[in-house]
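Here is a reading note for a colleague who is opening this entry for the first time. The points below are meant to be followed with the sequence and the model side by side.

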Amino acid sequence: MRLPDGYRIMSLNINCLINVNSRIGLLEFIKRNRPTVLCLQEVNIPQLELVDMIDPLNYDGFVNFTESERGTAVVWRKDLAVSGFKVVTENRILSVDYEKYTIV
């Protein structure tokens, strides 16, 4: 989805990030598509691991995941002003507040 101000918002079901090939695939997707915001489903890695993985691409993120089941995450370009995020439903729904938008 492309918003009027040029934001590119994308969604991707990653179906785990356990193996190296899955992680490389996600990084290649980000490099190729350069989304402003990327919503992820079926996330199975903790916050710190995701952030460490995407940081070299100048992205940050928030993970809604517990060890009991896969969750969701949102990744955004670091130049986007994030004013807050919260878990609405554990492992499923989260919201992130950006400059003038909220993504759920």
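1. A good place to begin is the pairing of the strands β1 and β2, bearing in mind that the model is a predicted one. Strand β1 covers residues 9-13 and strand β2 covers residues 37-43, and the two run parallel, joined by 5 bridges. One pair that can be picked out by eye is S11, whose bridge partner in β2 is C39. Between these two strands the chain passes through helix α1, residues 20-33, and the resulting β-α-β crossover is right-handed.

2. On the way from β1 to α1, the residue N15 deserves a look, since it is placed in the loop between these two elements. Its phi angle is near 50 degrees, which is a positive value in a residue other than glycine. With a relative accessible area of 48%, N15 is partly exposed, because that class takes in values between 20% and 50%.

3. Next comes N33, which lies in helix α1. Is N33 buried or exposed? Its relative accessibility is 18%, so N33 counts as buried, the cut-off for that class being under 20%. If the neighbours within four places in sequence are left aside, N33 is in contact with R8 and M10.

4. The residue R34 is found in the loop between α1 and β2, and its backbone also carries a positive phi, near 45 degrees, in a residue other than glycine. R34 has a relative accessible area of 38% and is therefore partly exposed. Which residues does R34 contact, once its neighbours within four places in sequence are set aside? They are R8, F29, L57 and Y59. For a sense of distance, R34 and M10 are 24 residues apart in sequence, while their C-alpha atoms are 9.6 Å apart in space.

5. Turning to charged side chains, a search of the whole structure finds 6 salt bridges, and three of the pairs are described in this note and can be checked on the model. As general background, side chains of opposite charge can pair when their charged atoms come close. Within helix α1, the side chains of K31 and E28 meet in a salt bridge with an N to O distance of 3.5 Å. K31 and E28 are separated by about one helical turn, because they are 3 residues apart in helix α1. Both ends of this pair are partly exposed, K31 with a relative accessible area of 44% and E28 with one of 35%.

6. A salt bridge between E42 and R70 has its closest N and O atoms 3.5 Å apart. This pair links distant parts of the chain, with E42 in strand β2 and R70 in strand β4 (residues 69-77), 28 residues apart. E42 counts as partly exposed at 24% relative accessibility, and R70 is likewise partly exposed, with a relative accessible area of 31%.

7. Strand β4 also takes part in a salt bridge through E69, whose partner is R92, and here the closest N and O atoms are 3.1 Å apart. Where do the two residues sit along the chain? R92 is in the loop between β5 and β6 (93-98), and E69 is in strand β4, so that the pair, 23 residues apart, links distant parts of the chain. At 39% relative accessibility R92 counts as partly exposed, and E69, at 40%, counts as partly exposed too.

8. The last point concerns the surface, where V88, I93 and V104 form a nonpolar patch with about 280 Å² of accessible area together. Of these residues, V88 has its place in strand β5, residues 82-89. V88 is partly exposed, with a relative accessible area of 48%, a value that satisfies the accessibility requirement of over 30% for residues that make up a patch.

Conventions:
Residues are numbered from 1 along each chain as its sequence is written. This is a predicted model: local features need pLDDT of at least 70, side-chain atom pairs count only at pLDDT 80 or more; totals for chains, interfaces and linings use all residues. Side-chain values use heavy atoms; hydrogens and water are left out. Two strands pair if DSSP finds at least two bridges between them. Helices (H or I, at least four residues) and strands (E, at least two) are DSSP runs, numbered from the N terminus. A crossover is right-handed if, with the strands pointing away from the viewer, the path from the first strand over the helix to the second runs clockwise. Buried means under 20% relative accessible area, exposed over 50%, partly exposed in between (1.4 Å probe, protein chains only). Contact means heavy atoms within 4.5 Å. Patches are made of residues with over 30% relative accessible area and no salt bridge: like charges are joined within 9 Å, nonpolar side chains (Val, Leu, Ile, Met, Phe, Trp, Tyr) within 5 Å. Accessible areas come from the Shrake-Rupley method with a 1.4 Å probe; for residues, only the protein chains shown count as cover. A salt bridge is a side-chain nitrogen of Lys or Arg within 4 Å of a carboxyl oxygen of Asp or Glu.
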